[in-house]
Amino acid sequence: MKLIHSVLGLLLQLLVVTSASLKESNKLKDKYLISTLPGLHSNIPKDEVPLMFGGQLELYKENNTHLFFWKFQDSNPLPQYKKRTIFWLNGGPGCSSMDGALMEAGPFRINEHREVTFNNGSWHKAGDMVFVDQPAGTGFSYTEEYDHDLDQTVWQFLRFMERFYEMFPEDIDNEIVFAGESYAGQYIPYIANGILQRNKNLKEGEKPYNLKGLLIGNGWIDPNEQSLSYLPFSLAAGIVNNKNTEWNDLLRQHEKCQNAINSISGDKLDDFAVASEICEEILTKILRATLDKGAFSDAQCYNMYDYTLKDSFPSCGMNWPPDLKYVTPFLNEKDVQHDINLILFKKWHECSGKVGRFLRAKNSIPAVKLLPDILKEIPVVLFNGNRDIICNYVGTENFIKKLDWNGATGFENDEPYDWIYDNEKSGYIKTERNLTFVNVFDSSHMVPFDKPYVSRSLIDLLDGNFDMKAADKSQNATIITYPLGVRKAVELEPIQSVTTKPVPTGTEIIGSFTQFASSTASSGPEESKVPGEESDSDSDSDEEDTSLNRITRIIQFVVVVILIWGIYMLYNAYKSRPSSIIKSGPSGRKKNVQWADQLRQFQQDDEDSRDQGFLAKTFNKFKRAGTRGYQPANEDDYLDEIEMGDNLQQQAEGVDDFIIDSDEEGPSPDSRSPDSSAPSKPNNSS
Ligand SMILES: *[C@@H]1O[C@H](CO)[C@@H](O)[C@H](O)[C@H]1NC(C)=O
Ligand SMILES: *[C@@H]1O[C@H](CO)[C@@H](O)[C@H](O)[C@H]1NC(C)=O
């Protein structure tokens, strides 16, 4: 009797508690429901209006920390789709995930009338999407205390998840996927690592998070290797060549970067700060060397997020993507801020300079070092839009080549699969031991912006929802993914429109670059062949490369070069040098570095250290090399560079910082430049 009583009592208590927490979560949900937006009911098909929640969720009262999130749930999900929550993070640091929500993987795009329109390629059809502005201070999030290190961003995000699941307890068993871009290549491995640790040290009453996998697009994961890809990538893409008047200077900068990296002794991100000043300058110099002063003012500079586009100088991509000019005023409308439940109305900037300035990550190791442990437990997909310069695919493939995970180094089979999505060749894939690399053709830094449907099927790579075909006489080995809702095919149909034109992989490009650089060092520029010159990644060109064709191209090319040269000379005659897009440090004078010899020395170094671990190679090279008598060619020059780096660093560093001369948050909602100037890593739109 007593027993029954106590059991009943317990049950009753449980009922009261659960109904109370249910009520609690429902109350929260009411507060965060989003049901109106400009254009929502006029532009979006009725059965496509997603179920939405969003607002500034309080994490810590003490310092008034609130993270803004926007959750999209398909109101008409396909029956075969499992319950899944995809957290999406943009980069910066300090750039808002509203980029992802309103220009990339979310269900809406914003039109010129500042209304939402429908993106039928939205990822929310493959799982709930939750876009989060983090760390606090980013986008619509706010705080009185900014994060300095990546560990803090992890704690903050775990606290966010705790609050999130209080509101959505029904989601707690969902599969969790993290997806994002650019500097999120640091955030995501850090958070994933935090979740895996949490799952092993659960506190009373906590449930493990069902972390399923990671998807990182054009991620800034390994700053060193990625910086060293700028020149090889630009050369292979035909952005620069050795006939450029600045070619030797570019090679020199590449050298300096390699030198600086060799001299890094620690393994914290901060140890890379000086190197990254020097290394990021490679990109700045490439943009300056390829400046076309004869073009229209809005097309003088390469867009660093998509080299097939041009932008005004010195923006070089900062005005891109075009949707941004609608998104910014849309998010700054009072009505919209009301619709998305803001409790603190805030001017939305794409990127917050303040967040970037605080998040120096001085005590954080680069995320690439977290990958091996993560890969022991979950699959990771690293994908790169092939037109991006700033976080290009060559850099990603190159650091993977040196990465040691699950029992081997790099991909043991470096031959890529062709990737076919919906019967079209969409890229190439390498996949082994839980790590998948995808080169997405015809895409920029923001892959879902260019390719919503194709990018959505990347989720299938995590799921194993794809088919593989071995190579045969007619085609390469192939991985096939399918449009949403199409189940894995049982009978494979023959694939059409597969071009057989080979696209050089990142590792091939790095290999030929090293050779090419040293050959241009010793021989004249005329004789050298630019590797991968025809590789221009446009796989859909099916014209044949007859030799006649090639000759015409060479002639055209020579004419263009002569024209550009002539224009350049004319300008030189009438004007002084083009004004620098670099905030020049105190030591802007030219250096006399024996770069050619150094380059050969590097090759030697590379060969010598091939059999060492990744760590040794990246961080201890200089020390080791020292014992072999290796020194930078000119110690004084070298130190000079470091001083310059320090100096720039004080002004808040970053590629964008070099380009935009302003440092403070600007008043204009349309201007992203002030905000995005400070972040120390490839930022903006990321
Ligand atoms: C969205 O795309 C699917 C196929 O992928 C199609 O069946 C559907 O009609 C499209 N919806 C709209 C509103 O365009
Ligand atoms: C890969 O990931 C799975 C989980 O998806 C895990 O069970 C496995 O141990 C991992 N490691 C290897 C070497 O595949």
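With which residue does Arg-159 form a salt bridge, and how far apart are the closest N and O atoms? In this predicted model, the partner of Arg-159 is Glu-162, and the closest N and O atoms of the two residues are 2.7 Å apart. Both residues belong to helix 4 (residues 150-167), where, being three residues apart, they are separated by about one helical turn. An α-helix has 3.6 residues a turn, so residues three or four places apart point the same way. Neither end of the pair is classed as buried, since Arg-159 has a relative accessibility of 21% and counts as partly exposed, while Glu-162, at 37%, is likewise partly exposed.

The search of the whole structure that includes this pair finds 27 salt bridges. Side chains of opposite charge can pair when their charged atoms come close. One of these pairs is formed by Lys-402 and Glu-225, whose side chains meet at an N to O distance of 3.1 Å. Because Lys-402 lies in helix 14 (residues 393-402) and Glu-225 in helix 6 (residues 223-227), this salt bridge ties together parts of the structure that are 177 residues apart in sequence. Lys-402 is partly exposed, with a relative accessible area of 21%, whereas Glu-225 is buried at 7%.

A further salt bridge joins Lys-430 to Asp-414, with 3.0 Å between the closest N and O atoms. Here the lysine is in strand 16 (residues 424-432) and the aspartate in the loop between strand 14 (408-409) and strand 15 (417-421), so that the pair ties together parts lying 16 residues apart in sequence. Lys-430 is buried, its relative accessibility being 2%, while Asp-414 is partly exposed at 31%. In addition to these pairs, a network of salt bridges links Lys-71, Lys-83, Asp-128 and Asp-171.

Helix 6, which contributes Glu-225 to the salt bridge with Lys-402, also contains Ser-227. Ser-227 is buried, with a relative accessible area of 3%, and, when its neighbours within four places in sequence are left aside, its contacts are with Trp-220, Cys-257, Cys-279 and Ile-282. Burial can also be described for an entire element in the case of helix 5 (residues 184-200), which has 17 residues and reaches 24 Å from its first C-alpha to its last, close to the 24 Å expected at 1.5 Å a residue. Of the 17 residues of helix 5, 13 are buried, and the helix is therefore largely enclosed by the rest of the structure.

Among the loop residues, Asn-76 is placed between strand 3 (65-73) and strand 4 (84-89), and its relative accessibility of 42% makes it partly exposed. A polar atom of the Asn-76 side chain lies 3.2 Å from the backbone oxygen of Asp-47. From C-alpha to C-alpha, Asn-76 and Val-49 are 9.0 Å apart in space, with their positions 27 residues apart in sequence counted as a separation.

The surroundings of ligand 1 consist of Pro-45, Phe-118 and Asn-120. For Asn-120, an N or O atom of the side chain is 2.2 Å from an oxygen atom of ligand 1. Taken alone, ligand 1 exposes 360 Å², of which the protein buries 34%.

Technical notes. Residues are numbered from 1 along each chain as its sequence is written. Chains are lettered from A and ligands numbered from 1 in the order in which they are written. This is a predicted model: local features need pLDDT of at least 70, side-chain atom pairs count only at pLDDT 80 or more; totals for chains, interfaces and linings use all residues. Side-chain values use heavy atoms; hydrogens and water are left out. A residue is near a molecule or strand if one of its heavy atoms lies within 4 Å of it. A polar contact is a pair of N or O atoms within 3.5 Å; within protein, one must be able to donate a hydrogen and the other to accept it, and residues adjacent in sequence count only if both atoms are side-chain atoms. Accessible areas come from the Shrake-Rupley method with a 1.4 Å probe; for residues, only the protein chains shown count as cover. Helices (H or I, at least four residues) and strands (E, at least two) are DSSP runs, numbered from the N terminus. Buried means under 20% relative accessible area, exposed over 50%, partly exposed in between (1.4 Å probe, protein chains only). The expected span of a helix is 1.5 Å times one less than its number of residues. A salt bridge is a side-chain nitrogen of Lys or Arg within 4 Å of a carboxyl oxygen of Asp or Glu. Contact means heavy atoms within 4.5 Å.
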